[in-house]
Amino acid sequence: MRGFLASSVGVTCAAALALPLTLPATPAEAGPSTLTSEAAAPGSTQSLPLVPLTRKRSLGPTAQTQGLARRNVRPFSLVGVVWDDPDSELNGRVQVRTRAAGTGDWSDWQDVEAHNDEHAADPDTVESASSRVHGSTAPLWVGNSDGVEVRVEPEQAARDAAEAPEPEEGTGGGPENRRAAAPATASLPGGLRLELVDPGGDPPSPQDRTAGRAGGASPGLRAKAVPAGVTNGGGTKATVIPALSREETTRTYFPDGTAQRRATPYIGPRPRIVTRHGWGANENLRERGFLYTKTVKAAFVHHTASGNKYSCSQVPSIIRSIYRYHVVSSGWRDIGYNFLVDKCGTIYEGRAGGVAKAVMGAHTRGFNTNSMGIAVIGTFGATKPTDAALKAISRLTAWKLGLYGANPRGKTYLKSAGGNLYRKGKNVRLNVISGHRDGFATECPGRLLYGKLGSARTTAARYQGR
């Protein structure tokens, strides 16, 4: 076991898919944390400052609608709005219209989710304190476009919301408990600007370049399936980590057999995972070091709130866009989620550092330590998640949680790093598979996805052989 599950804080090719035996007791940074120049990256980000459009007298002398009139821009596929101070909230409505490249047709007005601070690094961490971090909305996928119009309108807080009691600890939940009421006269945060993201060209198809066979382990798998962006001795990069049967998974991660299985008796088969190289991550964008925590005790399920108007062939472009938006526009060290899942059930590697390792993400503000974040691409307040996506969540959690001895149907304790539901330092009892709203008062992962997590827990446990 020690030979395979050796500790590896940092980047090593031979142990890329290995589960680390020991990791630092507190999050530790491996290697320097420097950002490579964006100039070398494929794709691009256009950042357009918003300007005052109209004034609403009822909102007071300082509250103005900001935005941009229709204009031609360079091609882009994803939009969002950012502002200077990450601790400021955008209490208002953000809407965009876009023009499809090629047809010249303008879309209807589309809402952009304004509150996105619940997807972020934990308070008082190096990542959250970086001078590069900005406030940001959720991103919205609009497809290949070359024209845009945007308006950001401040809202006047309702009197009854201002007088509503504080939400009870542990209520989780609905949008009615999202956050404290906005001021009676809401003004917009400073430095508002529209971010237009071009994801760049697609990488080679993962189906064309796989590391081993989907049904079983390749003799060269551990040498080829290296952490994304790291080249092995042969100079090749894997685009897919192949699926393994439950027996093959056990032999791969617990090669010494019986003694290890007593400690971790249940583990699901490893699912097929498209690597960062497979979806085309430009590793020059992210910070170079990795952050690890001690273990993985829970999985938080999210939705990206980026809309449902996409085809599965577009997903690599969507993930590259979210990645660029998180890093370049929002100022995070890497994409926030540990994994992403599309409507066709394909699983994608998210934040770099090793798919089997306890990589610290920026997905559930206050609970990123000893957890992982899985984002289903889409918006699920009024749209049901597909069966394929739910199956992928179950397979992924059965495997990854099984590596760390966690029961998908069980409960666990995580210590809050601070948020709008639980004070800093509170030990919180949570489902091992939780929705984002269980740790932070938010609509995420959407009502209809959240309602399916019970069946995902049952299915994941069955995959583990429970």
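A helix or a strand here is a DSSP run, of at least four residues for a helix and at least two for a strand, numbered from the N terminus. I keep that in mind for all the entries below. The model is predicted.

**Entry 1: Ala243**

I looked up Ala243 and found it in the loop between strand E10 (240-241) and H4. Is Ala243 buried or exposed? Its relative accessible area is 14%, and the cut-off for buried is under 20%, so Ala243 counts as buried. I then checked its distance to Ile273. The two residues are 30 apart in sequence, yet their C-alpha atoms are 7.5 Å apart in space.

**Entry 2: Arg286**

Next I went to Arg286, in the loop between helix H6 (276-279) and strand E12 (290-292). Arg286 has a relative accessible area of 2%, so I put it down as buried. What does its side chain make a polar contact with? I found the side chain of Glu283, at 2.5 Å. A polar atom of the Arg286 side chain also lies 3.4 Å from the backbone oxygen of Arg288.

**Entry 3: Ser330**

Ser330 sits in the loop between H7 and E14. I read 0% relative accessibility for Ser330, so this residue is buried. Its side chain makes a polar contact with the side chain of Ser136, at 3.1 Å. Which residues does Ser330 touch, leaving out those up to four places away in sequence? I noted Arg132, Val133, His134, Ser136 and Tyr325.

**Entry 4: helix H10**

I turned to helix H10, residues 453-463. Its buried residues are Leu453, Ala456, Arg457, Thr459, Ala460, Ala461 and Tyr463. What covers them? I listed several elements, including helix H4 (246-253), strand E13 (298-303), helix H8 (387-403) and helix H9 (447-450). Strands E18 (427-431) and E19 (433-435) are also among the covering elements. After H10 comes Gly465, with a positive phi near 85 degrees.

**Entry 5: the nonpolar cores**

In soluble globular proteins, nonpolar side chains tend to be buried together. I looked for such groups here. The largest nonpolar core has 36 residues. Which of them touch the most other members? They are Phe339, Trp399, Leu401 and Leu403. I then asked which elements supply at least two residues each to this core. E13, strand E14 (339-341), strand E16 (371-376), H8 and H10 do. The largest share comes from H8, with 9 residues. Another core lies apart from this one and has 23 residues, among them Trp141, Leu285, Ile318 and Tyr337.

**Entry 6: cavities**

How many cavities of 30 Å³ or more are there? I counted 5. The largest has a volume of about 60 Å³. Its lining includes Pro42, Gly43, Asp198, Pro199, Gly280 and Ala281. Asn282, Leu285, Arg320, Tyr323 and Arg324 line it too. Helix H7 (residues 315-329) gives the most to this lining, with 3 residues. By class, I wrote down 5 nonpolar, 3 polar and 3 charged residues.

**Entry 7: the second largest pocket**

Last, I checked the second largest pocket, with a volume of about 440 Å³. I found 28 lining residues. Which lie nearest its centre? Pro86, Asp87, Asp117, Ala120 and Arg365 do. Helix H1 (126-129) and strand E7 (135-136) are the elements that give two or more residues to this lining. By class, the lining of this pocket has 10 nonpolar, 10 polar and 8 charged residues.

Conventions: Residues are numbered from 1 along each chain as its sequence is written. This is a predicted model: local features need pLDDT of at least 70, side-chain atom pairs count only at pLDDT 80 or more; totals for chains, interfaces and linings use all residues. Side-chain values use heavy atoms; hydrogens and water are left out. Buried means under 20% relative accessible area, exposed over 50%, partly exposed in between (1.4 Å probe, protein chains only). Contact means heavy atoms within 4.5 Å. A nonpolar core is a set of buried Ala, Val, Leu, Ile, Met, Phe, Trp, Tyr and Cys residues joined through side-chain atoms within 4.5 Å. On a 1 Å grid over the protein atoms alone, a cavity is a set of points where a 1.4 Å probe fits but cannot get out, and a pocket is an open set with protein on both sides within 12 Å along at least five of seven lines; lining residues have an atom within 4 Å of a point. Grid points are joined across faces, edges and corners, and a volume is the space filled by probe spheres set on the points. Ala, Val, Leu, Ile, Met, Phe, Trp, Tyr, Cys and Pro count as nonpolar, Asp, Glu, Lys and Arg as charged, and the others, Gly among them, as polar. A polar contact is a pair of N or O atoms within 3.5 Å; within protein, one must be able to donate a hydrogen and the other to accept it, and residues adjacent in sequence count only if both atoms are side-chain atoms.
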